[in-house]
Amino acid sequence: MIWRVNSLLSFVLFAGTAYSQDSLSLQDVVTATLKNNYNIQIQGLFTEQNASLATKGQAGYFPSVTLNGNGSYSKNNTRLEFAGGLPTVERDGAENTAIGANIGLNYTLFNGFGRVSTYKNLQNQYQLSLLQSRLVSENSVMEAIAAVLQVEQLYVQKKLAIENIQISKERLEYSNYRKE
């Protein structure tokens with residue numbers, strides 16, 4: 001029985017001396033959680049992405065413009081033979097260049113209210129991402145608060161264990177006095 005009390009006492013004292021970090025207030029914990037949590041940062045990026053996608057341009061309200069260009073260059077040695085007795089023509093380093101470009105403008109006048117529904121869906125997706133971001137933030141803060149409360153509970157339990165050990169020591173001393 002005595003070795004159990006001594007081992008428990010040494011464990012509690014070792015655990016108490018191993019912890020040397022300053023205590024944080026609940027506000028500091030919440031601030032650190034909101035600042036350093038990767039899930040919150042990732043969800044914030046998703047929200048920014050959905051905010052940039054929830055525009056009328058993404059829904060197809062605006063015309064689309066396409067611009068294409070091409071070019072080619074060649075330098076060849078050629079030999080041309082003509083029928084009918086014309087002399088053969090030979091050219092070394094004959095150059096050929098070709099340049100082309102086109103521009104296109106497309107606009108859909110009516111697509112069965114598809115643009116309206118697409119725009120509403122994009123807006124709803126943005127609102128959903130805002131709610132998800134809020135949910136992730138609140139859940140992270142709640143987890144941090146729960147961890148702080150658990151640490152506080154462990155401190156209280158440690159104090160109670162130390163008091164119980166002290167009471168057990170006193171009882172052991174009283175029982176030893178009674179034996180004597």
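Here is a short walk through a predicted model, one selection at a time.

**Stop 1: Arg 79**

Start by selecting Arg 79 and showing its side chain. You're in strand 1, which covers residues 64–80. Arg 79 is exposed, with a relative accessibility of 54%. Now add Glu 81: the two form a salt bridge, and their closest N and O atoms sit 3.4 Å apart. Glu 81 is exposed as well.

Keep Arg 79 on screen and bring in Glu 90. Here's another salt bridge, this time with 3.6 Å between the closest N and O atoms. Glu 90 belongs to strand 2 (residues 89–106) while Arg 79 is in strand 1, so this pair ties together parts that are 11 residues apart in sequence. Glu 90 counts as exposed too, at 54% relative accessible area.

**Stop 2: along helix 5**

Next, select residues 114–179, which make up helix 5. What does helix 5 reach from its first C-alpha to its last? Draw a distance between those two atoms and you should get 94 Å, close to the 98 Å expected for its 66 residues at 1.5 Å a residue.

Zoom in on Arg 134 and Glu 138. They form a salt bridge, with the closest N and O atoms 3.0 Å apart. Both are in helix 5, four residues from each other, or about one turn of the helix. Residues three or four places apart in an α-helix point the same way, because there are 3.6 residues a turn. Are these two buried or exposed? Arg 134 is exposed at 55% relative accessibility, whereas Glu 138 is partly exposed at 39%.

That brings the count to three salt bridges. If you flip back to the first stop, you'll see that shared partners join Arg 79, Glu 81 and Glu 90 into one network.

Staying on helix 5, colour its buried residues. Among them are Ser 129, Ser 133, Ser 137 and Ser 140. Val 141, Ala 144 and Ile 165 are buried too, and so are Gly 114 and Arg 115 at the start of the selection.

**Stop 3: a nonpolar patch**

Finally, select Tyr 107, Leu 109, Phe 110, Phe 113 and Val 116, and turn on the surface. Together they form a nonpolar patch with about 590 Å² of accessible area. Pick out Leu 109: where does Leu 109 lie? Leu 109 is in the loop between strand 2 and helix 5. With a relative accessible area of 73%, Leu 109 counts as exposed.

Methods
Residues numbered from 1 in each chain as written. Predicted model: local features only at pLDDT ≥ 70, side-chain atom pairs only at ≥ 80, totals over all residues. Heavy atoms only, no water. Salt bridge = Lys/Arg side-chain N within 4 Å of Asp/Glu carboxyl O. Buried < 20%, exposed > 50% of the residue type's maximum accessible area, 1.4 Å probe, protein only. Expected span 1.5 Å × (residues − 1). Patch = residues over 30% accessible without salt bridge, like charges linked within 9 Å, V, L, I, M, F, W, Y side chains within 5 Å. Areas by Shrake-Rupley, 256 points an atom, 1.4 Å probe, with all protein chains shown as cover.
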